[in-house]
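Me: I am new to this structure and should like to understand the terms used to describe it. May I put some questions once it is shown?

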Amino acid sequence: MKKVGRRKLKKCDQKELTRELDAVLDAIHDDILIADGQGRILKVSKSFVSVYGIEEEEILGKTVFEMERQGVFKPSVIARVLQINDKVTMRQRNNRERDLIVTALPVRDENGEIVKVVSFTRDLTDFLNLQEQYSELESRIEKYTAEIEELRSKSMELEGIVAKSAKSQDILRTIHRIAPFDANVLLTGESGVGKNMYARLIHKRSKRAEYPFIEINCGAIPENLLESELFGYEGGSFTGANKEGKIGLIELAQSGTLFLDEIVEMPLSLQVKLLNVIQNKIIKRVGGTKDIQVDFRLIAASNKDFEQQIKERKFREDLYYRLNVITIDILPLRQRREDIIPLAFFFIDKFNKYHGLDKSFSKKVFDRMLTHDWPGNIRELENIVERLLLTTEERMVEEKDLPVHMKKAEPMAEFDNQNLAEALEALEKHLVCNAYEKCGTTVGVAEALGISQPTAVRKIQKYLVNTKKKM
């Protein structure tokens, strides 16, 4: 009786184990197939039907070799295991043209002979489709990024910033990188290069763009009024003061950007107070005792040499280092001549629309513009374009209409009957040859033209060495 009971118990255990094994196979996401040592299929999971499109009863008892010949497996991974006597992982394509990744593992007896082979199949079709969609999306993103950069470039022109030269493009790339971060920015460059426009651009590209942009020229306000303009004052704090008092520009810039142009003109006494504001973000109005918390981004600018101003004790060194977190040097027009003609067109279009005109400039006028040094930079160019449009009678502005100081030097002969690209190359040759004649070294040419030494070497070889060889 005891032996019979054990047999029944063993049979029950085997049935339960088989049922549990089937449940486990059905629960596994991968398709599973079990074959014996001769490749005869013993068991498949329920997912097999959805992957291969064949019912379980149609495949059980058949060999993987038959299924391979019928094109169900292309190729059969189990056949490969039986062939090389080892584990195999491979790509497979089934009869439904779906891409699969299949791994098959041999099960051995105590003698090392293969008695079973178990294969696991994962359908890669959806993954590969996603990968393809991702690649397509990446391509679209690259395209959209290029389009956005183009739109940005156009928006720069709408804001008065025209950047066609490589040097100007570098400045814009720097601005796009640093604008989102709340660091102090110092803009340097000659008068008229457009530092205030670049300051506005930084503000518009920052996280403070929705808040005020407050600009003050420290050199345009009398010293005795500058403090009250910056910090504000309490009512009756000095003779002539408003009875209600006045809020200062620093407070007006709350959550936004404060732009201090020509900051080197600020008196030393105010420089100390500004340094304290930058460090502590607290101000006191003139005549007041109450601390006022402020939050703003500071952009400062100057056309003067800070190091020289510090040596002459006209500017505090500690304030300079507070301001000089990020410095952007805006180059004069004579060092980025590729921007002159695009800027001229921008201002022609701007003032034609503003004044209701329809005028244009002749080629010789543009030639003169390219050879002019523009000591007043963009401001000078803008003023001359507007003046020419308003003071000339003819629709076409000619060379005779130019101001006297622009007529003194004859345009280079190389410019005659040339298009813009040829004219720019002729101008580059003229500048390189002149610089080399004056300096005599590649280092000197690089410094004079504001280019790298390797670039200077290439330009000299192009315009001087090759010319001498021809001669």
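Me: Where is Arg-337 found?

Reply: The model is a predicted one. In it, Arg-337 lies in the loop between strand E14 (326-329) and helix H14 (340-355).

Me: Why is Arg-337 called buried?

Reply: A residue counts as buried when its relative accessible area is under 20%. Arg-337 has 8% relative accessibility, so it counts as buried.

Me: What makes the pairing of the side chains of Arg-337 and Asp-373 a polar contact?

Reply: The cut-off for such a pair of N or O atoms is 3.5 Å. The side chains of Arg-337 and Asp-373 are 2.7 Å apart in their polar contact, and this value is within the cut-off.

Me: Which residues is Arg-337 in contact with, leaving aside its neighbours within four places in sequence?

Reply: They are Leu-370, Thr-371, His-372, Asp-373, Leu-427 and Leu-431.

Me: Why are H9 and H11 called roughly parallel?

Reply: Helix H9 (residues 223-231) and helix H11 (residues 268-280) pack at an angle of about 15°, their axes being 11 Å apart. Angles under 35 degrees count as roughly parallel, and H9 and H11 are therefore described in that way. Their crossing is left-handed. From H9, the contact involves Leu-226, Glu-227 and Phe-231; from H11, it involves Leu-270, Lys-273, Leu-274 and Val-277.

Me: In what order do the five strands of the open sheet stand?

Reply: The order is E2-E1-E5-E4-E3, with antiparallel pairing.

Me: What makes E2 and E3 the strands at the edges?

Reply: Strand E2 (41-44) and strand E3 (88-93) each have a single partner strand, so one side of each is left without a neighbour in the sheet. Neighbouring strands of this sheet are turned against each other by 25° on average, direction ignored.

Me: How do you know that E1 and E5 pair?

Reply: Two strands pair if there are at least two bridges between them. Strand E1 (residues 31-36) and strand E5 (residues 114-123) run antiparallel and are joined by six bridges, so the criterion is met. Asp-36, for instance, has Lys-116 in E5 as its bridge partner.

Me: Which strands does helix H5 touch where it packs on the sheet?

Reply: Helix H5 (residues 77-84) touches E1, E3, strand E4 (99-108) and E5, and its direction makes about 140° with that of E5. Val-77, Ile-78, Ala-79 and Val-81 of H5 are buried. The buried residues of H5 pack against E1, helix H4 (64-69), E3, E4 and E5.

Methods
Residues numbered from 1 in each chain as written. Predicted model: local features only at pLDDT ≥ 70, side-chain atom pairs only at ≥ 80, totals over all residues. Heavy atoms only, no water. Helix = DSSP H or I, 4+ residues; strand = E, 2+ residues; numbered from the N terminus. Axes fitted to C-alpha atoms, helices over the stretch in contact; angles between N-to-C directions. Contact = heavy atoms within 4.5 Å. Buried < 20%, exposed > 50% of the residue type's maximum accessible area, 1.4 Å probe, protein only. Parallel < 35°, antiparallel > 145°, perpendicular 65-115°, else oblique. Left-handed = near helix turned anticlockwise from the far one by under 90°. Polar contact = N/O pair within 3.5 Å; in protein donor to acceptor, adjacent residues only side chain to side chain.
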